[in-house]
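Hi everyone, thanks for coming. I'd like to walk you through a structure today, piece by piece, so have the picture open while I talk.

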Amino acid sequence: APVLEITAMERHFDASGGGTVRAVDGVSITIGRGEVVGLVGESGSGKSTVGRCAVRLDEPTGGTVRINGTDITHLSRRAVRPLRKDFHLVFQDPSSSLDPRMTIGQIVAEPIKLHRQARGEDVRARVEQLLAQVGLRPEHADRHPHELSGGQRQRISIARALSCDPDLVVADEPTSALDVSVQASVLNLLADLQRDRGFGCLFITHDLAAVEFLADRIAVMYLGQIVEQAPTAELFASPKHPYTQALLSAAPVPDPVEQRSRERIVLHGDLPSPLDPPAGCRFHTRCPLATDRCRTEVPALRELPGGRQVSCHLVAEDGTAPDAAS
Ligand code: SF4
Ligand code: MG
């Protein structure tokens with residue numbers, strides 16, 4: 001079974017002023033053993049909610065979530081607890097997820113003890129081993145989170161996430177709260193650990209350079225839905241959906257040669273509200289290529305050759321797509 005299988009996930013809730021907020025609206029993502037899938041989109045697109053629902057910190061209101069084949073969609077907190085050794089979430093801001101009263105050693109050891117992965121002296125040895133793996137020293141075990149830098153704290157939350165050797169790690173913007181100077185080292189660490197230990201990973205980010213570096217496959221989210229999904233190299237080489245084209249055109253490309261034909265596509269207007277999202281194609285209010293059909297008819301997420309999925313009326317069956325920049 002895949003390590004993570006999300007099928008038609010919905011996370012709807014009632015808005016205080018009436019109506020339904022469709023934060024996540026029919027998202028399907030499958031992650032195989034050892035595979036890294038990047039989930040990208042603007043802030044407000046629902047990607048963090050997908051991540052929280054995937055590890056059952058939030059409960060989906062529709063669809064299913066399976067981890068290693070086990071349906072956890074509606075399991076109680078209690079029933080899900082023994083399964084938590086298999087999956088873990090690394091948060092955006094490590095400060096909010098690390099208990100300030102605990103020592104680093106206690107924080108890293110907690111899941112190990114909870115899941116009875118080791119006892120007594122073995123716990124300490126395991127903690128020191130984990131600290132070494134994330135580039136910290138044994139002495140760090142006796143410190144408290146506030147005595148460490150932001151980058152070190154994020155290393156701690158990664159050590160904690162890996163303490164029970166999970167099959168799945170969901171990382172939600174794991175570097176965006178860090179100084180730019182340490183972002184690359186934390187990202188490299190995550191990539192190295194992923195390669196060594198082979199956990200599956202849902203990597204949620206708006207950092208396209210990071211996702212290109214880390215992910216095997218990328219899913220692009222817009223307003224609660226996936227609009228395109230493709231292997232990383234293919235997505236960057238030829239984005240099909242106008243929204244993906246716009247997203248990639250705005251990304252800084254370090255290699256000037258690659259800048260070649262990618263003209264910047266400026267999207268007008270803000271991301272619409274997930275409360276009463278636009279009819280037809282949700283992107284039609286900002287799409288440079290929108291036609292009348294787009295305002296009324298919902299484009300299905302279709303399978304294209306090469307393991308790609310895209311939802312746009314203008315993309316042909318063979319994958320031929322118009323260029324939103326021209
Ligand atoms: Fe643009 Fe229409 Fe395609 Fe939606 S379906 S992305 S509005 S062209
Ligand atoms: Mg977020």
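**Around the ligand**

Let's begin with ligand 1: the residues of its shell are 10 nonpolar and three polar, with no charged ones. One thing to keep in mind throughout is that this is a predicted model. So which residues come nearest to ligand 1? Out of the 13 around it, those are Cys281, His284, Cys287, Cys294 and Cys312.

**The sheet**

Next, please find the open sheet. It has eight strands, and going across you meet them in the order S6-S7-S8-S3-S9-S10-S12-S11, with mixed pairing. Why do S6 and S11 each have one side without a neighbour in the sheet? Strand S6, residues 87-90, and strand S11, residues 302-304, stand at the edges and each has a single partner strand, so there is nothing from the sheet on the other side. As for the twist, neighbouring strands in this sheet are turned by 20° against each other on average, if you ignore direction.

There's also a helix packing on this sheet: H10, residues 242-249. It touches strands S3 (36-40), S9 (217-222) and S10 (225-231), and the direction of H10 makes about 105° with that of S9.

Let's go back to the edge strand S6. Its partner S7 covers residues 168-172, and the two run parallel, joined by four bridges. If you want to trace a couple of those pairings, Phe87 has Leu168 of S7 as its bridge partner, and His88 has Val169. And are the residues on the faces of S6 buried or exposed? Phe87 and Leu89 on one side are buried, and so are His88 and Val90 on the other, which leaves both faces of S6 covered.

**Two helices that cross**

Now for a helix pair. Generally, when two helices pack, you describe them by the angle between their axes and the distance between the axes. Here, the axes of H4 and H5 (residues 120-133) come within 9 Å and cross at roughly 120°. The crossing is right-handed. On the H4 side, the contact is made by Gly105, Val108, Ala109, Ile112 and Lys113, while H5 brings Val123, Arg126, Val127, Leu130 and Leu131. Sort those by class and you get seven nonpolar residues, one polar and two charged.

While we're on H4, have a look at Pro111, which sits in that helix, residues 104-114. How do we class it, then? Pro111 has 18 C-beta neighbours inside 10 Å, so it counts as partly exposed. Setting aside neighbours within four places in sequence, Pro111 is in contact with Lys85, Arg160, Ser163 and Cys164. And although Pro111 and Arg84 are 27 residues apart along the chain, their C-alpha atoms are separated by 8.7 Å.

**Two residues with positive phi**

Last stop: two backbone angles. Arg56 isn't a glycine, yet it has a positive phi of about 60°. You'll find Arg56 in the loop between helix H1 (47-54) and strand S4 (62-67). Glu173 isn't a glycine either, and its phi is positive too, about 45°. That one is in the loop between S7 and helix H7 (180-197).

So, are these two loop residues buried or exposed? The cut-off for buried is 20 or more other C-beta atoms within 10 Å. Arg56 has 23, so it is buried, and Glu173 has 21, so it is buried as well.

That's my tour, and I'm happy to take questions.

Note on methods. Residues are numbered from 1 along each chain as its sequence is written. Chains are lettered from A and ligands numbered from 1 in the order in which they are written. This is a predicted model: local features need pLDDT of at least 70, side-chain atom pairs count only at pLDDT 80 or more; totals for chains, interfaces and linings use all residues. Two strands pair if DSSP finds at least two bridges between them. Axes are lines fitted to C-alpha atoms, for helices over the stretch in contact, and angles run from 0 to 180 degrees between N-to-C directions. Two residues are in contact if their C-beta atoms, placed from the backbone, lie within 7 Å. A residue is near a molecule or strand if its C-beta atom, placed from the backbone, lies within 6 Å of it. Ala, Val, Leu, Ile, Met, Phe, Trp, Tyr, Cys and Pro count as nonpolar, Asp, Glu, Lys and Arg as charged, and the others, Gly among them, as polar. A residue is buried if 20 or more other C-beta atoms lie within 10 Å of its own, exposed if 12 or fewer, and partly exposed in between; C-beta atoms are placed from the backbone. A crossing is left-handed if the near helix is turned anticlockwise from the far one by less than a right angle, and right-handed if clockwise.
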